[in-house]
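Got the viewer open? Let's take a walk through this one, stop by stop, with something to select each time.

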Amino acid sequence: MSSFSGSAATLRSRGWSLQLSGYLLLLPALSFLLLFTHYPALATLWQSLFSAARASHPAHFVGLDNYRALLDDDIFMQSLWNNLLYALITIPLAVTLALLMALAVNRRLRGNALVRAAFFIPSLLPMIAIANLWLFFYTPQLGILNSLLAWFSLPAVNWLGEPDTTLYCLMAVSVWREAGFFMIFYLAALQQIDPRLSEAAAIEGASRGYFFRRVQWPLLLPTTLFVLINASMNAFRIVDQVIAMTNGGPNNSSSLLLFYIYRTAFSFWDMPAASAMTVVLLVILGTIALIKFHLLDKRAHYQ
């Protein structure tokens, strides 16, 4: 009996030792996660509950007043609506285009490496370089788009100077840049699918469309979930593109949420208001992620 108790104590001690070793191995990554992710989020939430500090008026606790003020801020509401519209259009377009590009270059054809590089290069370019490149397309008098319109005797369009077109011009740039990046994930996932499945489908006489719907698409759902989450985060963190191309104009028609947060914090120096907007942004991103996990995670095949 004593020997059994001694062996059980030894096993228990070894178990605690293994658990302690595991936590110690996680400690460096956990420290960085807490320091650079969770602490800033909590600090932002706390700061959003105070007023802005002025020279003669120190910050004081105001509760949810900063959040109530957002409902009366027309520019914030417009930026929020612009960002939601931006996400609703760019995410499906970028993901669909990335999937089509991956399917196109997943075949063994001559020049495939060059085509893959051409698709992927836009995602490697700095956003400032991309913005200047597309400004050459959108220039009112000398731009390529207006030159094409002139060939058909159509009037020139001030693409970035009209409230009805400027936001869609930003969307086109984002889709062009992100589709190649997401293509890499889809291409890697397609190459992980067992080639015997396509051989069996060919023997059975299945068409490419049927094979994609019944075999490839279900196996691509984990990658699609990952891409959708990343595309959603990218859609709500656009700021450098807006600064370089439109600066939020005209009449705030291209102002997006993160751009307005940046301007409120570092142009107006209203940190509590910017913190409240940041909390709203985090809630939106968290809600989108939960919805997508709820809808897609149960249907995803991870094996």
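Before the first stop, one working term: a residue is called buried when its relative accessible area is under 20%. Keep in mind too that this is a predicted model.

**Stop 1: an open helix.** Select residues 195-204, which make up helix α8. Just 1 of its 10 residues falls under that buried cut-off, so α8 lies largely in the open. Now step on to glycine 205, which follows α8 and has a positive phi, near 85°.

**Stop 2: an enclosed helix.** For contrast, pick residues 257-266, helix α11. Here 7 of the 10 residues are buried, so the rest of the structure largely encloses this helix. Show side chains for Leu257, Phe259, Tyr260, Ile261, Arg263, Thr264 and Ala265, and you have the buried ones in α11. Note that an arginine, Arg263, is on that list.

**Zoom out.** Go back to the whole chain and colour by secondary structure: there are 12 helices and 0 strands. From the N terminus on, the elements read α-α-α-α-α-α-α-α-α-α-α-α. Turn the C-alpha trace around and you'll find that it spans about 95 × 75 × 30 Å along its principal axes. The radius of gyration is 26 Å, whereas a compact globule of 303 residues would come in near 19 Å. Of those 303 residues, 36% count as buried. Switch on the surface and you're looking at about 18900 Å² of accessible area, with 68% of it belonging to carbon and sulfur atoms. If you colour by charge, the mean positions of the 18 positive and 13 negative charges sit 16 Å apart.

How much of the contact network joins residues at least 24 apart in sequence? Among contacts between residues at least 6 apart, the share is 69%.

**Stop 3: threonine 166.** This residue lies in helix α7, residues 166-192. Is threonine 166 buried or exposed? Its relative accessibility is 0%, so it counts as buried. To see what it touches, beyond residues up to four places away in sequence, display Trp159, Leu160, Thr246, Gly249, Pro250, Ser253 and Ser254.

**Stop 4: aromatic rings.** The structure holds 12 aromatic pairs. Take the one between phenylalanine 181 and phenylalanine 182: the ring centres are 5.8 Å apart and the planes meet at 55°, which makes the pair tilted. The two partners differ in exposure: phenylalanine 181 is partly exposed at 35% relative accessible area, while phenylalanine 182 counts as buried at 1%. Next, select Trp134, Phe137, Tyr138 and Trp176, which form one aromatic cluster.

**Stop 5: threonine 139.** Look in the loop between α5 (127-138) and α6 (144-151) and you'll find threonine 139. This residue is partly exposed, with a relative accessible area of 28%. Draw a distance from its C-alpha to that of tryptophan 159: the two are 20 residues apart along the chain, yet the atoms are separated by 7.6 Å. You've met Trp159 already, as one of the residues touching threonine 166.

**Last stop: threonine 223.** Move to helix α9, residues 208-235, and pick out threonine 223. At 15% relative accessibility, this threonine counts as buried. Which residues is it in contact with, leaving aside neighbours within four places in sequence? Show Phe185, Tyr186 and Ala189, and you have them.

Notes: Residues numbered from 1 in each chain as written. Predicted model: local features only at pLDDT ≥ 70, side-chain atom pairs only at ≥ 80, totals over all residues. Heavy atoms only, no water. Helix = DSSP H or I, 4+ residues; strand = E, 2+ residues; numbered from the N terminus. Rg over C-alpha atoms; globule rule 2.2 N^0.38 Å. Buried < 20%, exposed > 50% of the residue type's maximum accessible area, 1.4 Å probe, protein only. Contact = heavy atoms within 4.5 Å. Areas by Shrake-Rupley, 256 points an atom, 1.4 Å probe, with all protein chains shown as cover. Lys, Arg positive; Asp, Glu negative; His and termini not counted. Charge placed at Lys NZ, Arg CZ, Asp CG, Glu CD. Phe/Tyr/Trp six-rings, centres within 6.5 Å; stacked < 30°, edge-to-face > 60°.
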